[in-house]
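Dear colleague,

I am handing over the structure below, and after it I set out what turned up when I went through the strands and the aromatic rings. Please read the notes with the coordinates open beside them.

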Amino acid sequence: MTVRWGLMGASTIAREWVIDAIRATGGEIASVMSTSAERGAAYATENRIPKAVTSLDEVVGDPAIDAVYISTTNELHRDQAIAAAKAGKHVLCEKPLAMSLSDGHAMIKAARDAGVVIATNHHLRNAASHLAMRDAIASGKIGKPLSARVFHAVYLPPHLQGWRLDKPQAGGGVILDITVHDTDTLRFVLNDDPTEVIAFSQSGGMGKEGLEDAVMGVMRFKSGLIAQFHDGFTTKFAETGFEVHGTHGSLIGKNVMTQRPVGTVTLRTAEGEQDLPLDDSNLYRTALHNFHAAVAGGGHVSASGEDGIWSLATGLAVVEAARTGAAVTIETGL
């Protein structure tokens with residue numbers, strides 16, 4: 001079947017990644033919504049989208065649309081997802097899923113009640129590097145995992161600055177933008193869930209209105225594993241990385257916390273080092289392929305709504321830990 005999409009938000013991420021992924025996996029884009037008629041019209045022309053609209057009702061009330069991709073600012077996700085689900089539209093929502101756990105649960109309930117698919121766009125779990133690391137751990141290549149480290153401190157380019165740096169009410173700041181990705185990637189690779197977190201945040205000059213632009217912390221997982229994370233908007237010259245260290249070996253991922261299908265993974269054991277073979281493919285195309293398969297009833301989404309709840313709950317716990325200086329228990333309500 002051909003899934004016909006409505007885009008909620010004339011966003012950069014849709015233009016750079018998701019529009020291509022929808023079309024490359026057999027979907028079509030019927031319309032784009034922007035509250036600015038001028039911006040929406042220009043965006044539709046630029047991206048060969050047949051129609052631009054300015055209201056939520058014009059998207060969810062359109063019988064030509066089967067699914068919506070929500071990439072508006074975070075405080076709008078709940079109402080848009082619930083309206084879409086009630087109208088029988090499948091939902092792919094950007095992270096964080098919502099601004100609060102209660103909002104996230106309401107979104108999932110609306111989709112469940114309507115019998116539609118809801119997914120969170122956590123693209124990093126689709127990376128060949130992370131799939132290879134997950135498989136290596138599951139097959140016992142490093143023994144029992146004991147610790148992990150995530151380096152996801154980057155430089156937020158000027159065209160992505162704006163609300164991420166100056167709008168607390170929209171869920172700005174590095175934690176709800178990047179730490180949620182770390183959480184989902186750790187959960188996916190380790191097949192484990194976080195239970196507790198401690199953290200320190202930093203305002204290094206980019207964040208406004210009291211918003212943090214960098215954070216460091218440690219998560220404890222159900223298995224007892226501890227994971228260190230470093231996220232930032234202010235780090236111009238660092239590499240990203242993802243490491244897992246076990247009783248019999250280590251996995252070293254370099255330049256793997258990225259939207260692009262790049263990076264390497266090295267397995268180190270007593271026998272020496274070897275680079276794991278990676279079948280690099282577009283992360284977003286994998287996500288959309290899986291979403292379309294789920295809509296057709298023959299597959300599963302890459303990251304579910306429940307996965308989105310886990311990363312949101314952890315992100316909110318990191319915010320609280322950084323605010324109070326105390327260890328915070330992660331509660332999902334699932």
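Strand 12, which spans residues 249-254, is largely enclosed by the rest of the structure, because five of its six residues are buried. Please keep in mind throughout that this is a predicted model. On one side, strand 12 is joined by five bridges to strand 11 (residues 241-246), and the two run antiparallel; together strand 11 and strand 12 form a hairpin, with two residues between them. Strand 12 is also joined to strand 13 (residues 264-269), in this case by six bridges and again in an antiparallel arrangement. Ile252 is a convenient residue from which to follow both pairings, since Glu243 stands opposite Ile252 in the pairing with strand 11, while Thr266 of strand 13 stands opposite Ile252 in the other.

I then turned to the aromatic rings, where a pair is described by the distance of the centres and the angle of the planes. The count comes to two aromatic pairs. One of them is formed by Trp5 and Phe291, with 5.1 Å from centre to centre and 45 degrees between the planes, and this pair is classed as tilted. It links distant parts of the chain, given that Trp5 belongs to strand 1 (residues 4-8) and Phe291 to helix 9 (residues 283-295), with the two positions 286 residues apart in the numbering. Trp5 counts as buried, because its relative accessibility is 0%, and Phe291 is likewise buried, with a relative accessible area of 1%.

The other pair, Trp17 with Tyr284, is stacked, with the centres 5.3 Å apart and 25 degrees between the planes. Trp17 lies in helix 1 (residues 12-24) and Tyr284 in helix 9, so this pair ties together parts of the chain that are 267 residues apart in sequence. Trp17 has a relative accessibility of 17% and therefore still counts as buried, the cut-off being under 20%, whereas Tyr284 is buried with a relative accessible area of 0%.

Finally, there are two places to look at where a charged side chain sits over a ring. Arg134 lies over the face of Phe188, at 4.5 Å from the ring centre, and Lys236 lies over the face of Tyr155, at 5.0 Å from the ring centre.

With best regards

Terms used:
Residues numbered from 1 in each chain as written. Predicted model: local features only at pLDDT ≥ 70, side-chain atom pairs only at ≥ 80, totals over all residues. Heavy atoms only, no water. Buried < 20%, exposed > 50% of the residue type's maximum accessible area, 1.4 Å probe, protein only. Helix = DSSP H or I, 4+ residues; strand = E, 2+ residues; numbered from the N terminus. Pairing = 2+ DSSP bridges. Phe/Tyr/Trp six-rings, centres within 6.5 Å; stacked < 30°, edge-to-face > 60°. Lys NZ or Arg CZ within 6 Å of the ring centre and 35° of its normal.
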